[in-house]
Amino acid sequence: MKFKFSSFEVDDGMLHSAAVITAATFSCLMSGFVLQNIWRKYIVRQRIKRRREESKLSIQKMGDYLMQHGLSVDKRNIILDMPMAELQRKLQNGSLKALDVLRAYQSKAIEVTKDLNCVVEPIWEAEEQAIACDFMTGKKSPLHGIPVSLKENYHVQGYDSTGGMAKFIDCPQPDDNVIVKTLKEQGAIPFMRTNLPQTMMVYESSNPIYGETRNPHDPKRGPGGSSSGEGCLIGAGGSVLGFGTDIGGSLRIPAHMCGVCCLKPTVGRISTEGTHEVHKGATLVPGATGPLSRDVDGLVLAMKSLLVSHMFELDRSVPPIPFRPEIYEDHRPLRIGYFHDIGYMPSVPACERGVREVREILEKNGHTLIEFKVPRVDKALELFAQCVFGDGCKTFTDALKYDVVDPSFKLTYFLIHQAPEWLKRVAGFFYRTVGHDPIPKKVLVAAAGIKSVSKWWGVVEDLQAYRKKFEMEMRANKLDAIISPGFAYAAIPLGKAFLTVGAVAYTNLYNVINYPAGSLPVTKVTEEDEKLLENYPTKTLYAKNIKKLSKGSVGLPINVQFVAPPYQEELVLRLMKEVETSIKLGERHS
Ligand SMILES: CCCCCC/C=C\CCCCCCCC(=O)NCCO
């Protein structure tokens, strides 16, 4: 058969050849595409492997170095046992050398990371800085010689900030971030970089580059996240002061699970410039930076040292409000709201008891405690999801393109980030009908993306309305502050956070309203709490999982959150210090 076109004739043979050429081109392109993907993944795996080996080697080298240059065990332990105030005083009056303090903490950090995997690498420049500190004459800066650890996403000159993502390996930062610069200017010595979960948008503790961090109180359990390495390192005694980030609870969840103190300031009170966040553009609920420490004095010292002209000058978006001692040192009795249940998910008995005991302490100290009916926390969680996943999670999936997705993140990543909208709706339906929980559906629909600018503006209005409602509720009760559970439950087995993730509402509530929130260890899970867990109401799938995963948690730390209106960090710290002191006094007398 022949086809005649205007100027030439096409026969069967030519048609057949054209089809063959098209099919060949198509299969070439397809195989090219497949091969390219395989190649890219191979390169990524190689890069991850190399980076992991470099990290292990660096830690090992530091260990070997300390074998020759370390302190005696006794001297080291005396330093490690010092609370922050004593350590600072001795460094200031010269009775302790910065280099000895550094050596003590370096060696403890290297020792604990062997089992807990909380350090990703040492900061080698620390030694030079400590020596310079010891040679210094004249007035000493407030953080003179204090070693500080930094979550891996803090930009430090010459080091990668990967956030656990392969794409960011081999991208050494050109400069220290504002907090690191200010800390150094105030005499602190950044000495270790700590682990985090991939993308930092989970409260797990693992990533394919540096592996999994474990809980210092029970290595089979997670340390919480995403400032996992910080919580773990400080909880294990390998650091006295550290810094992390928090957009949904990433300072407070590891603080609670590892039994350390932390402060999530109001976003804007201290600089957030120069930290790696996947979704920097999602500014409606932005990430906060903040300190973690062994005690409240550490947090106070950190805030006093950061709220100075050096930081205000480096980051002019930060309002120049120095630390206000008149609020921190005030003794005026306060009206404080409390709650232990966010409405759709109760906290476990130990967490409830934590709030009750703090309430009793505060009442004894002359404050008035009032039960606070917290405005619908499920709405706050939905707003959180709309604000951080409103792009349909495109930013996250782009960041992880070709990457190895960590096993602990796979389910979260698939369901919240990658799944098509229909699947998110089906999963939401499942949670609602089988799991008896309406919350995941709202979150999953939000994570399918906000479809238009006008809808986005609707979210902005809803957020403003929620914030106003919270403020009005506090005003109506004439509340100065709030206390609430540090989290819904104590540390659970590694890799299981997804099964209980709705609990994040206990912390992200305060990100949504942008209130400063501190977290303080107040008690430990007791046998009695474990018995009471039997009666924990299990109406929803999440609650069932919480009950199951909380078993065997006797001895694990329990924190309480302290919250105040925006820019009242000093008030939060005042209450934390008051409770910490009362608990210590109680322990001494019992
Ligand atoms: C099945 C869906 C239910 C999901 C409900 C929870 C929604 C979102 C999970 C987010 C978890 C965030 C953890 C903390 C993140 C954080 O603070 N990161 C700090 C980044 O610097």
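This passage describes the two largest pockets of a predicted model and the setting of one helical residue, E471.

The largest pocket encloses a volume of about 570 Å³. Its lining comprises 21 residues, and those nearest the centre are G259, R294, P521, K584 and E587. At least two lining residues come from each of helix α7 (228–235), strand β14 (517–524) and helix α22 (569–589). The greatest contribution to this lining is that of β14, which provides five residues. By class, the lining of the largest pocket consists of 10 nonpolar, five polar and six charged residues. Because residues of both domain 1 (50–323) and domain 2 (332–372 + 479–494 + 503–590) take part in the lining, the largest pocket lies between these two domains.

The second largest pocket holds about 490 Å³ of space. It is lined by 17 residues, with G63, S107, I110, E111 and K114 closest to the centre. Helices α1 (12–69), α2 (73–80) and α4 (98–116) each contribute at least two residues to this lining, and α1 contributes the most, with seven. The lining of the second largest pocket is made up of six nonpolar, six polar and five charged residues.

Residue E471 is located in helix α18, which spans residues 453–476. The relative accessibility of E471 is 24%, and the residue is therefore classed as partly exposed. Between E471 and T289 the separation is 182 residues in sequence, and the distance in space is 23 Å from C-alpha to C-alpha.

How values were computed. Residues numbered from 1 in each chain as written. Predicted model: local features only at pLDDT ≥ 70, side-chain atom pairs only at ≥ 80, totals over all residues. Heavy atoms only, no water. Helix = DSSP H or I, 4+ residues; strand = E, 2+ residues; numbered from the N terminus. Buried < 20%, exposed > 50% of the residue type's maximum accessible area, 1.4 Å probe, protein only. 1 Å grid on protein atoms, 1.4 Å probe; cavity = no way out; pocket = protein on both sides within 12 Å on 5 of 7 lines; lining within 4 Å. Points joined across faces, edges and corners; volume = space filled by probe spheres on them. Nonpolar A, V, L, I, M, F, W, Y, C, P; charged D, E, K, R; others polar. Domains from an automatic or database assignment.
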